Amino acid sequence: MSIANPHLVLLHAPTVYDFRKHPIMYGPIADGVPSTPLFEMYPVGFFSIVEHLERNGIGVRIVNLAVRMLSSDSFDAEKMIRRLKTKAFGIDLHWLPHAQGSFEVATICKRYHPDVPVIFGGFSATYFYEELIHYPEVDFILRGDSAEVPLLRLMKAIIQHQQPHNIPNLVWKDSGGEVHINPFTHVPTEVNEFLNNFVYVFKSALKYRDVRSLSPWKGWSSQWLDYPITPVITCRGCIHNCIFCGGSRNALANYCNRKKPAFRSPELIAEDIVKITKYTKAPIFVIGDLLQPGEEYAYAVLEGLKKTAFKNHLVFELFKPAPEDYFEFVAESVDNFNFEISPDSHDERIRAAEGKRYKNSEIEKNIRWALDSGCNRFDAFFMIGLPFQTPESVMETVDWCGYLMAKFGTRFVPFILAYSPFLDPGCIAYENPEKFGYKILFKTLAEYREAMLSPSWKYALNYETEWMTRDEIVDCTYQAGLKLNRLKAEYGLIDYDSFKATEERIKLAIELTSAIDKIKALNDASVQHERLMQLKPELDTILNSVINEKVQMEWPAAKRNLRIFCLLKAAIVEYFKRS
Ligand code: B12
C-alpha cells in the first residue's frame with residue numbers, strides 16, 4: 001500500500017533553529033513544564049485541528065521537528081522538509097519563544113517549496129499579525145484561539161485554487177502581494193464538537209507511517225510510553241484577570257476577540273477523561289479550574305466521573321481557594337487525585353497587585369482539606385518578577401514554603417520560578433507597563449527573534465520591574481532555587497542525590513552566567529562567538545533543567561502506562577472507518 005501525501009503538514013519548530021549550533025544558556029525558562037527550553041511540545045490544539053480536518057477529508061500530518069532534532073544529533077530537519085510533499089505547511093507561532101525557530105522553519109519551507117503556501121497560527125501569530133504578514137515567507141495567518149473551522153475552509157480554498165476572501169479571521173496576501181485582513185468574527189462560544197483525545201493523531205501516524213514525528217515531547221519510545229500525561233482541555237479563555245497572563249480575560253478579549261470563555265459541557269469532560277483512561281494508566285491533567293463556571297459545573301463533571309472506576313491520577317487546578325466540600329466531593333468521585341494552585345507570593349499585597357485576591361489562611365485551609373480528603377499531592381507554584389516584589393521578598397516566599405512543608409509534610413510540593421523568558425504580549429501588565437511598575441524591553445517580533453539568540457536568558461528577558469533589574473531577577477532566581485532545594489532536602493521531599501545534583505547545576509549556572517557576562521563585554525564579535533562556542537558543551541549539560549528537576553514535577557503513576565494496543569486498535573478502527 002503506498003503512503004498518501006497529506007494535504008497539510010503541521011510543523012512544530014524548536015524555539016531556536018538550529019539550537020545544536022548556537023551557544024545559549026536558556027536557564028530555568030522551562031523548569032515549570034515537561035519540555036526543555038526548546039519548548040518541543042506542540043500546541044494541544046493540534047489534536048483538534050487534526051481531528052476536525054481529517055473528519056472532513058483533509059489529510060493532516062504532524063511533524064514535530066523540535067522533538068526529532070532533540071532526539072538525534074544527526075536528524076537533518078532541512079532534508080526532511082525538502083522531502084515532504086503537501087499542499088500547505090502550517091507552522092505554530094503560539095508561544096512567543098518560538099519567534100526565531102518558527103520563522104527559520106518557514107524560511108526552509110519556502111527554500112524548497114516556493115509554491116507551497118505557509119500558514120501561521122497560534123496566540124503570538126495572532127498578536128503580531130501585522131508585522132508577521134509582511135515577511136515574504138508567510139502567506140496566511142489564522143488569528144484566534146479556535147482555528148479548526150476556518151482552517152478547514154482555507155485548506156479547501158487552497159486545494160481548489162480559490163481566493164479566500166470570505167474566510168473569517170484570515171490575514172493573507174494575494175498573488176500580487178497585497179495584504180488582506182478578513183473580519184475577525186469566528187470566536188466560538190461552544191467547543192463541544194472538538195474532540196479531546198489523541199486517537200486521530202495516532203490514526204494520522206499510521207496513515208503517514210511516522211510515529212516518531214508526532215511525539216509531543218522527547219523520548220516517544222521510552223519516556224512518553226512510561227509517562228504519557230494527557231491534558232483534558234475544559235475551556236477556551238478564562239474568567240480571571242491575572243495581570244501577567246496572555247490567556248487572561250482581558251488579554252484574550254483584546255487580541256483574540258474572545259469576550260467570554262467557552263466551556264466544554266461537563267458531561268463531555270467526564271467522558272473525555274473516562275475515554276483516556278482506556279488508553280493510559282498515566283495521570284490526566286484537567287486544564288482549567290472546574291470551579292470557574294461555578295460549583296454546579298464542577299459537581300456535574302465529578303458526578304460523571306463517579307460512574308466509572310479507574311485508577312489514573314487526576315490533577316485538578318485551583319485558580320483560587322475552593323470550599324471544603326469540594327475536596328470531599330472530589331474524594332468521593334475519584335480514587336486518586338492531586339491539586340495545584342499558584343499563590344505566586346507569600347505576600348498578600350503582591351498577590352492582590354497581580355490580580356489574585358485571596359489570603360494565606362485560605363491557602364492553608366485548602367491544603368489541609370485536600371490532604372485530609374486523601375489528595376496524593378498538592379503542588380504550589382511561586383513566581384519571581386511581580387509588582388512590589390524585591391529579592392528580599394522572594395526569599396521570604398521561600399521561607400514560607402519551608403513553613404508549609406514543615407506543617408503539611410511531603411505531600412505538599414512547592415516550586416519557585418521566574419516569569420520567563422517573556423512577559424506575555426497582550427497581558428494586562430504588558431499593555432500597561434507603567435501602571436504596574438514594568439518596563440518592557442522588546443516590542444517587535446524582529447526583536448523577539450533576536451532576543452532568543454541571546455547567549456544567556458538574562459539578555460532574553462523582555463522586562464524588568466521597578467523593584468528588580470534583569471540582573472536581580474536572574475540572581476534571585478538562582479538564590480531562591482538554592483534555598484528551596486535545601487529546604488526540600490531538609491523536609492524529606494527529595495533525597496540527597498537529587499539535592500546535590502540540583503545544587504551543582506545551579507552553581508554551574510551561576511558560574512556560566514558571569515562567564516557569559518564577561519564574554520559579552522568583549523568588543524570583537526568573532527572572539528565572542530569563539531569563546532561562547534567553547535562554553536557550549538557545559539551549557540548543554542544544563543539544558544534540561546536548572547533549579548528544578550523535571551522528575552519532581554511528575555505526578556504519581558505506575559510504569560508502562562500507555563496501553564499501546566488499545567490505542568492502536570482504536571486508531572486502526574478509525575483508519576478503516578474514514579480512510
Ligand atoms: C494548557 C496550557 C499549557 C499546557 C499545555 C501546552 C500545550 N501543549 O498546548 C502547559 C502547562 C504544558 C503549557 C506550557 C507553556 N505555556 Co501555556 N498555556 C496553557 C493555557 C492555560 C491553555 C491553552 C489551551 O488550553 N488551549 C486550547 C487548545 C485547544 O488550543 P491551542 O493549543 O491554543 O490551539 C489552538 C489555537 O491556538 C490555534 N493554533 C495553535 N497553533 C496553530 C498552528 C496553526 C498553523 C494554526 C492555523 C492554528 C494554530 O488553533 C488551535 C486549535 O483551535 C494557556 C492560557 C489560555 N487561557 O489560553 C497558556 C498559554 C498559551 N501558555 C503560555 C506560555 C508562555 C507557556 C510556556 C512557554 C511557559 C513556560 N515558560 O514554560 C510553556 C510552553 C510549553 C511548550 N511548548 O513546550 C502563554 C502564551 C503567551 C505567549 N504568547 O507566548 C499562555 C497564553 C498563558 C500562560 N502564560 O501560561 N501551557
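These questions and answers concern a predicted model of a protein chain with a ligand.

Q: What makes a residue part of the shell around the ligand, and how many residues surround the ligand?
A: The criterion is a C-beta atom, placed from the backbone, within 6 Å of the ligand. By that cut-off 42 residues surround the ligand, and the closest are Ser-35, Gly-45, Gly-90, Gly-121 and Gly-247.

Q: Which classes make up this shell?
A: The shell has 24 nonpolar, twelve polar and six charged residues. Gly counts as polar here, so Gly-45, Gly-90, Gly-121 and Gly-247 fall in the polar class.

Q: Which domains supply the shell around the ligand?
A: Domain 1 (8–191) and domain 2 (229–494) each give at least three residues to the shell. Elements that each supply at least two include helix 1 (45–55), strand 3 (88–92) and strand 8 (230–233).

Q: What makes residues of domain 1 and domain 2 count as in contact, and how many do?
A: Two residues are in contact if their C-beta atoms lie within 7 Å. On that basis 34 residues of domain 1 touch 30 residues of domain 2. On the domain 1 side, helix 5 gives the largest share, four residues. By class, that side has 20 nonpolar, ten polar and four charged residues.

Q: Why is the span of helix 23 called close to the expected one?
A: The expected span is 1.5 Å times one less than the number of residues. Helix 23 (residues 525–541) has 17 residues, so 24 Å is expected, and the helix reaches 25 Å from its first C-alpha to its last.

Q: Where does helix 23 bend?
A: Helix 23 bends by about 45 degrees at Leu-535, and Pro-537 follows within four residues.

Definitions and conventions. Residues are numbered from 1 along each chain as its sequence is written. This is a predicted model: local features need pLDDT of at least 70, side-chain atom pairs count only at pLDDT 80 or more; totals for chains, interfaces and linings use all residues. Domain bounds come from an automatic or database domain assignment. The bend at a residue is the angle between axes fitted to the seven residues ending there and the seven starting there.
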